[in-house]
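Let us read a few local features together. Take a look at the coordinates first.

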Amino acid sequence: MAKPRTIVPEKALRTLVSDLFVVSGTSREHADTVADVLVWANLRGVDSHGVSRVPRYLELLDSGEAKARPRIRVDHFKSAVAMVDADSAPGPVALTRAMDEAVSMARSAGAAWVAVRGTVHTGAIGYYTERAAQYGMVGLGIVAGVPNMGYPGAAGAAVATSPLSVAVPAGRHPTVLLDMATAVIALGRIAQHKAAGTPLPEGAALTRDGRPTTDPAEAAVPLPMGGAKGAGMSLVFELMASGLTANPIVSSFHSGDPEGKRHRQNALLMAIDIAAFTPVEQFRALVDETVETIKALPKTDPDGALLLPGERGSRTLDERILKGVPVPDALLAKLVAQAQARKVAVPEGIPQ
């Protein structure tokens with residue numbers, strides 16, 4: 001049975017999140033960036049990566065695992081290659097900076113790669129790839145993190161639920177936005193099922209002692225999507241993002257050193273300037289044509305829908321911008337309590 005929810009205006013939600021981060025020590029600019037990334041996920045219906053993450057982010061700031069005032073450094077190694085040393089900045093801050101650097105370099109180089117070293121939870125990476133698409137570019141992103149997912153033949157958590165995102169701008173249609181974890185189900189989605197009291201799909205997760213389960217309260221280790229395929233994707237994302245930043249995560253995690261289990265993530269983002277290859281309008285027209293071709297295909301279910309990557313999120317965005325964001329009452333109460341404890345004014349539109 002679904003838990004009760006309250007509809008909250010998105011602007012009020014942004015204000016509350018930003019104010020909570022400011023009072024926790026971040027600059028207003030960084031707080032607004034975090035709020036934008038988290039609320040973006042809620043607006044698109046990816047509630048597992050939205051404001052439900054605020055309590056965890058605040059814990060990371062309070063413990064020092066994330067830094068409120070990081071000394072972010074950007075090193076440009078070549079005309080189209082750079083690295084952002086995040087200094088444990090919240091992921092939304094580090095990856096937004098990284099994609100902006102990639103877009104800027106791609107304008108002159110045609111394409112650019114930016115690696116991110118040592119950030120903490122990145123949020124929904126579709127936000128960053130879509131950011132490139134808004135500038136008329138193709139965006140690509142991968143993330144490497146602390147192991148929390150199974151690997152075929154291994155006991156317990158072996159690799160991370162490392163995500164992949166690609167954003168391709170269209171013309172008449174919304175951006176084609178692929179944003180996927182390498183797991184059957186992400187940990188955030190498991191938490192969402194637990195909060196809603198709904199079971200997990202079969203074959204999605206294991207208990208801590210390795211038993212298959214559909215109970216979100218018992219689920220501890222998500223399984224890789226497609227078995228060896230999802231596990232292999234996660235592994236090569238680790239080799240790329242952590243290898244290029246010289247900041248190993250998987251090997252460090254399994255080394256036996258307690259420091260290896262410290263929460264951290266690396267990332268690799270790319271921006272491709274479409275105009276360097278072909279006229280942008282011609283490219284957009286081709287994307288539109290392909291989208292419409294898929295939409296026109298015969299359906300196995302006459303009442304069903306043929307959805308493109310990101311289409312469901314785009315529809316949800318249109319609806320929630322107008323009507324507001326449904327937030328579980330338990331989560332809303334927790335955010336309000338944290339605001340009151342930190343002497344943050346609760347914005348109008350959020351019940352207390």
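**Reading one helix and three backbone angles**

A: Start at one residue. This is a predicted model. Just after helix 11, lysine 343 takes a positive phi of about 60°.

Q: What should helix 11 span, and how far apart are its end C-alpha atoms?

A: Count residues, then apply the rise. Helix 11 covers residues 329–341, which is 13 residues. At 1.5 Å a residue, the expected span is 18 Å. The end C-alpha atoms lie 18 Å apart, so the two agree.

Q: Which residues of helix 11 are buried?

A: Buried means under 20% relative accessible area. In helix 11 that applies to Leu331, Leu332, Leu335, Val336, Gln338 and Ala339. They cover an arc of only 160° around the axis, so they sit on the same side of helix 11.

Q: Which residues are exposed on the other side of helix 11?

A: Ala330 and Ala341 are exposed there.

Q: What covers the buried residues of helix 11?

A: Look for contacts. The cover includes strand 1 (5–8) and helix 1 (10–23). Helix 3 (54–63) and strand 12 (325–328) are also among the covering elements.

Q: Where is aspartate 87 found?

A: Place the residue, then read its angle. Aspartate 87 is in the loop between strand 3 (81–85) and helix 4 (91–109). Its phi is positive, about 50°, although aspartate 87 is not a glycine.

Q: Is alanine 246 buried or exposed?

A: The cut-off for exposed is over 50% relative accessible area. Alanine 246 has 56%, so it is exposed. It lies in the loop between helix 7 (228–244) and helix 8 (250–253). Alanine 246 is not a glycine, yet it has a positive phi of about 55°.

Key:
Residues are numbered from 1 along each chain as its sequence is written. This is a predicted model: local features need pLDDT of at least 70, side-chain atom pairs count only at pLDDT 80 or more; totals for chains, interfaces and linings use all residues. Side-chain values use heavy atoms; hydrogens and water are left out. Helices (H or I, at least four residues) and strands (E, at least two) are DSSP runs, numbered from the N terminus. The expected span of a helix is 1.5 Å times one less than its number of residues. Buried means under 20% relative accessible area, exposed over 50%, partly exposed in between (1.4 Å probe, protein chains only). The arc is that of the directions from the helix axis to the C-beta atoms. Contact means heavy atoms within 4.5 Å.
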